[in-house]
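Hi everyone, thanks for making the time. I'd like to walk you through a structure, so please have a look at it first.

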Amino acid sequence: MARNSKKKSDITPEIVAEHGLTKGEYEIILDRLGREPNINELGIFSVMWSEHCSYKSSRRHLAKFLTKGDKVIQGPGENAGVIDIGDGDAIIFKMESHNHPSYIEPYQGAATGVGGIMRDVFTMGARPIALMNALRFGEPDHPKTKSLVDGVVAGIGGYGNCVGVPTVGGETNFHKGYNGNILVNAMCVGLARADNVFYSAAKGVGNPIFYVGSKTGRDGIHGATMASAEFDDDSEEKRPTVQVGDPFTEKLLIEACLELMATDAIIAIQDMGAAGLTSSSIEMADKGGVGIELNLDKVPQREENMTPYEMMLSESQERMLMVIKPGKEQLAFDVFEKWELDVAQIGKTTDTGRLVLKHQRKKVCDIPIAPLADDAPNLDRPYVIPESDPILDINEIHETQDYDDAIVRIISCPDIASKRWIWEQYDRHVMTDTVDSSQSGGDAAIVRIHGSNKAVAITTDVTPRYVQADPYEGGKQCVAETWRNLTCVGADPIAITDCLNFGNPERPEIMGQFVGAIDGMNEACRAFDYPVVSGNVSLYNETNGQAIPPTPAVGGVGLIPDLEHFATLRGAKEGDTLILLGDTKGWLGASIYLREILRREEGAPPPVDLDAEKRNGDYVRKLIRMRRVHAVHDLSDGGLAIAACEMAFSGNIGMSLSGAVGVPTHGWLFGEDQGRYLLAVDEYSVNPVISTAKDKGITAQVVGKVGGDRITAAGAFDVSLAGLREKHEGWMPEFMS
Amino acid sequence: MKTAVIVFPASNCDRDAAVALEKITGHKAEMVWHRETSLPAGIDFVVIPGGFSYGDYLRSGAMAARSPIVKDIVAKAKLGLPVAGFCNGFQILTETGLLPGALMRNKNLKFVCRPEKLKITNGNTRYTSKYGNKIDVTFPVAHHDGNYFADDETLNKLEKSGRVVFRYVDNPNGSARDIAGICNEAGNVFGMMPHPERAIDPLHGGTDGLDLFKSIIESI
């Protein structure tokens with residue numbers, strides 16, 4: 001029996017409450033242990049059962065997702081998802097939030113978000129080959145926004161640039177709904193051999209457990225608990241719970257782990273992320289069906305006199321835990337010492353099914369592992385799915401009398417304006433396989449599989465205002481938009497990762513947004529056979545009761561089988577014809593036009609017809625592979641007018657749009673009907689493209705010409721390309737100056 | 001033709017440099033770990049690659065310049081071995097003293113990554129001879145500390161002796177006299193902040209970097 005359990009327990013109800021455990025949860029702990037826990041044990045239960053680690057509010061809903069498919073090697077439940085891209089290659093990817101820390105300490109919060117997601121990917125045996133990010137900030141006028149943008153961008157760049165993984169794309173929005181809670185979602189894509197993927201199940205008894213990487217300090221203690229609660233006015237005081245990143249050590253860890261992975265020394269491996277040594281050791285033991293005994297005196301420590309509690313709950317970065325094959329210990333030591341990393345054998349697997357911790361020759365924790373996972377709360381929180389906002393009648397939406405002004409205002413509004421200021425701070429080309437990145441303003445980034453002629457396409461998308469107006473349709477839309485964006489570059493969409501950012505799940509209306517969005521996303525996933533293979537949930541994005549707009553960010557990955565056939569929005573040529581694919585009804589509800597020109601944020605979002613979406617997308621992909629198109633761009637924020645402007649900027653060539661057909665001009669130019677693509681094709685392709693579309697039941701129409709140095713729309717605007725570009729490029733540098 | 005790429009802890013363009021060298025020479029480059037004390041026998045050309053050796057801690061390139069392998073590189077460079085440093089490699093070369101000056105933090109204090117047009121200031125060096133009549137090239141830059149600095153006397157000397165090899169057309173980092181790349185007096189050691197190895201494939205957006213590698217390889 002544990003020596004300290006003989007002492008009178010110091011666990012008061014206040015301490016239990018401070019650990020975020022309910023009375024009922026504490027009762028379960030008492031029952032499973034058959035005694036009162038000591039403080040170390042309580043801390044371990046507390047983090048394992050936190051929202052962040054246990055997904056207690058979301059688990060039952062996430063279970064609905066399509067997670068299987070022909071190309072899925074590993075779905076949710078491991079560090080990251082794994083898909084098959086042929087030729088023995090696998091892509092491993094995931095997106096994760098680092099919202100709470102980034103608001104409190106933007107540089108380190110964002111940097112460690114990037115570091116954490118990279119570890120999730122290389123832990124599984126992949127070399128990270130691309131980073132993406134989805135950022136949401138408060139309104140530009142809010143006093144904190146500028147410094148948050150500055151810090152987050154510097155942190156993302158500071159980490160990714162140093163490690164030497166290109167940051168190839170992303171999205172950035174500004175909205176007052178994020179004034180008190182910004183969102184920093186980072187995605188990493190890695191490349192592995194399909195037959196050399198590493199998992200976290202610690203199999204076998206008596207196998208040595210190695211600790212590798214940075215020393216353990218007092219940083220980040222209870223970070224997971226912080227991420228499981230709302231903010232209030234005192235949140236600034238939580239700064240000490242934000243971790244500090246060291247990209248140099250991360251780079252060494254990547255190289256060392258990949259070097260050791262090329263041998264057969266590793267049985268299981270897990271990075272120490274949220275809840276550090278606690279969750280990594282428990283997850284490994286639980287999945288492997290073994291017990292674990294650790295000698296905490298062996299843990300490399302950065303500070304003196306650290307207690308077991310601090311060591312187990314520290315979220316110090318750049319640390320890995322692994323189970324090594326007996327007899328391979330020296331090999332492991334040699335590799336990690338070559339890379340000048342701290343390495344220690346800190347314990348072994350056992351057959352007890354228990355987590356036993358020793359510290360200064362005392363047993364300081366002895367708890368069964370199964371209940372930590374099996375008995376983790378799985379809540380069925382009450383929810384009310386909000387009704388969709390009403391559908392707006394286009395005739396009741398004011399038509400601007402000054403389209404020149406409208407196009408300038410929209411192209412330079414914070415959400416649409418060029419984010420060059422951001423992405424020029426990210427190394428986009430290191431590894432020299434970047435084929436297309438933020439630089440072109442394209443729909444998806446394209447990264448070549450090293451040494452081959454195939455490539456992955458990557459995108460992140462969500463339109464929070466749509467999800468706010470109708471969680472179900474908005475949920476469908478965010479999945480559909482990633483599918484569309486991958487299609488635009490000629491990729492076969494394969495799978496997604498998601499990062500579900502919502503408010504406080506204890507409120508039924510927030511829980512309703514969550515459930516509605518998931519149901520919508522899932523419907524789209526099933527329609528496209530486009531499974532979810534990894535993801536992350538970030539709840540409690542609220543400050544003083546004010547929740548963020550529901551933001552289920554989706555990261556999509558697709559494959560371009562042959563780089564002889566891909567497209568971007570860059571290639572439009574003088575004399576090309578612009579063809580619009582898909583139906584245009586002039587949907588202005590929840591649109592950028594409505595918000596930026598009329599200052600109205602209302603109305604149902606455009607519905608997504610998943611059948612039409614699939615039909616149109618499959619056709620576009622076919623046209624790209626037949627080399628029928630010079631440039632492709634999807635229509636999203638700001639509709640046809642903005643798509644044409646973006647194509648014009650990227651190709652540095654003018655565009656002239658013809659007049660509206662059957663739809664009022666403001667709906668024609670700025671409507672956000674879904675499932676649409678703008679194509680630039682040469683004169684010989686116009687008829688074949690349109691007639692084949694008609695055969696397939698797809699609406700296709702000529703909507704303009706490419707050429708000159710102006711961007712015009714008949715009966716609406718006529719502006720110079722250079723002048724409009726200046727406005728588009730000008731907003732962000734001016735805002736940040 | 002034997003080439004070598006030096007790998008420091010957190011070099012991150014080492015593979016990129018090796019890909020470029022193999023593309024030009026047809027042979028794999030030797031990857032030399034920084035703790036080696038001498039270069040493999042018969043090396044004809046050494047590249048010190050970009051990256052964040054030692055995390056840029058202390059000062060970019062400062063710690064790498066004290067790695068064991070560097071002594072041998074410096075000794076052989078002084079005897080005429082061609083050595084090129086790109087980005088962090090340039091920073092390391094200035095820290096070793098093989099090239100004059102220093103790379104300070106970018107003038108606007110931010111990391112900058114973009115394709116940068118460079119004027120070929122001296123087309124008669126061992127690193128530029130193949131460019132012929134070409135007057136400018138475009139290489140990507142990606143750095144935080146690329147602001148080239150040297151005192152006026154050194155700058156004058158560099159300019160007079162034709163050792164300023166490339167200049168920025170649109171200076172991205174505040175470098176003195178728009179200097180992007182320089183060579184030593186003997187012309188065998190060359191450093192530049194931009195990345196020629198990121199411009200050797202049409203999919204990179206350009207192939208201007210090829211002739212730089214061809215120039216030096218053919219001069220050997």
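**Where the two chains meet**

Let's start at the interface, where chain A and chain B together bury about 2,500 Å², with 57% of that on carbon and sulfur atoms. Before I go further, please keep in mind that this is a predicted model. In terms of contacts, 33 residues of chain A touch 28 residues of chain B. Which residues of chain A lose the most area to chain B? They are A:Phe248, A:Glu424 and A:Thr432, and together they make up 23% of what the chain A side buries.

Now for the charges. Between chain A and chain B the count is 6 salt bridges. One that you can look up is formed by B:Arg15 and A:Asp433, whose closest N and O atoms are 3.2 Å apart. Side chains of opposite charge can pair when their charged atoms come close. Across this interface there are also 15 residue pairs in polar contact, counting pairs with both residues at pLDDT 80 or more.

Which elements of chain A give two or more residues to the side that touches chain B? Those are helix 8 (145–163), helix 10 (247–261), helix 13 (329–338) and strand 14 (434–436) of chain A. Sorted by class, that side of chain A has 13 nonpolar, 8 polar and 12 charged residues.

**The six-stranded sheet**

Strand 14 of chain A turns up again in an open sheet of 6 strands, in the order 14-15-16-21-17-18, with mixed pairing. Strand 14 and strand 18 (532–538) of chain A are at the edges and have a single partner strand each, so one side of each has no neighbour in the sheet. From one strand to the next, the twist averages 20°.

Inside that sheet, strand 17 (residues 492–501) and strand 21 (residues 551–560) of chain A are paired antiparallel over 9 bridges. If you want a specific position to find, A:Pro493 has A:Gly558 in strand 21 of chain A as its bridge partner. Helix 18 (residues 471–488) of chain A packs on the sheet, where it touches strand 16 (455–461), strand 17 and strand 21 of chain A. The direction of helix 18 makes about 145° with that of strand 16 of chain A.

**The seven-stranded sheet**

Further along chain A, 7 strands make an open sheet with the order 23-25-22-26-24-27-28, again with mixed pairing. Here strand 23 (631–634) and strand 28 (718–720) of chain A are the edge strands; each has a single partner, so one side of each is left without a neighbour in the sheet. The twist averages 20° from one strand to the next. Helix 21 (residues 610–625) of chain A packs on this sheet and touches strand 22 (577–581), strand 23 and strand 25 (677–681) of chain A. Its direction makes about 20° with that of strand 25 of chain A.

What does mixed pairing look like here? Strand 24 (residues 655–657) of chain A pairs in the parallel sense with strand 27 (residues 710–713) of chain A over 3 bridges, and A:Met655 is matched with A:Ile711. With strand 26 of chain A, however, strand 24 of chain A pairs in the antiparallel sense, over 3 bridges; there A:Ser656 has A:Lys705 as its bridge partner. Strand 26 (residues 700–706) of chain A is also joined to strand 22 of chain A by 5 bridges, running antiparallel, and A:Ile579 is partnered with A:Val702.

**One last salt bridge**

Over all chains, the structure holds 69 salt bridges. One of them joins the side chains of A:Asp89 and A:Arg193, at 2.8 Å from N to O. A:Asp89 belongs to strand 3 (residues 89–97) and A:Arg193 to strand 6 (residues 183–193) of chain A, so this pair ties together parts that are 104 residues apart in sequence. Thanks for listening!

Conventions:
Residues are numbered from 1 along each chain as its sequence is written. Chains are lettered from A and ligands numbered from 1 in the order in which they are written. This is a predicted model: local features need pLDDT of at least 70, side-chain atom pairs count only at pLDDT 80 or more; totals for chains, interfaces and linings use all residues. Side-chain values use heavy atoms; hydrogens and water are left out. Two strands pair if DSSP finds at least two bridges between them. Helices (H or I, at least four residues) and strands (E, at least two) are DSSP runs, numbered from the N terminus. Axes are lines fitted to C-alpha atoms, for helices over the stretch in contact, and angles run from 0 to 180 degrees between N-to-C directions. Contact means heavy atoms within 4.5 Å. Buried area is the accessible area (1.4 Å probe) that two parts lose on being put together, summed over both. A salt bridge is a side-chain nitrogen of Lys or Arg within 4 Å of a carboxyl oxygen of Asp or Glu. A polar contact is a pair of N or O atoms within 3.5 Å; within protein, one must be able to donate a hydrogen and the other to accept it, and residues adjacent in sequence count only if both atoms are side-chain atoms. Ala, Val, Leu, Ile, Met, Phe, Trp, Tyr, Cys and Pro count as nonpolar, Asp, Glu, Lys and Arg as charged, and the others, Gly among them, as polar.
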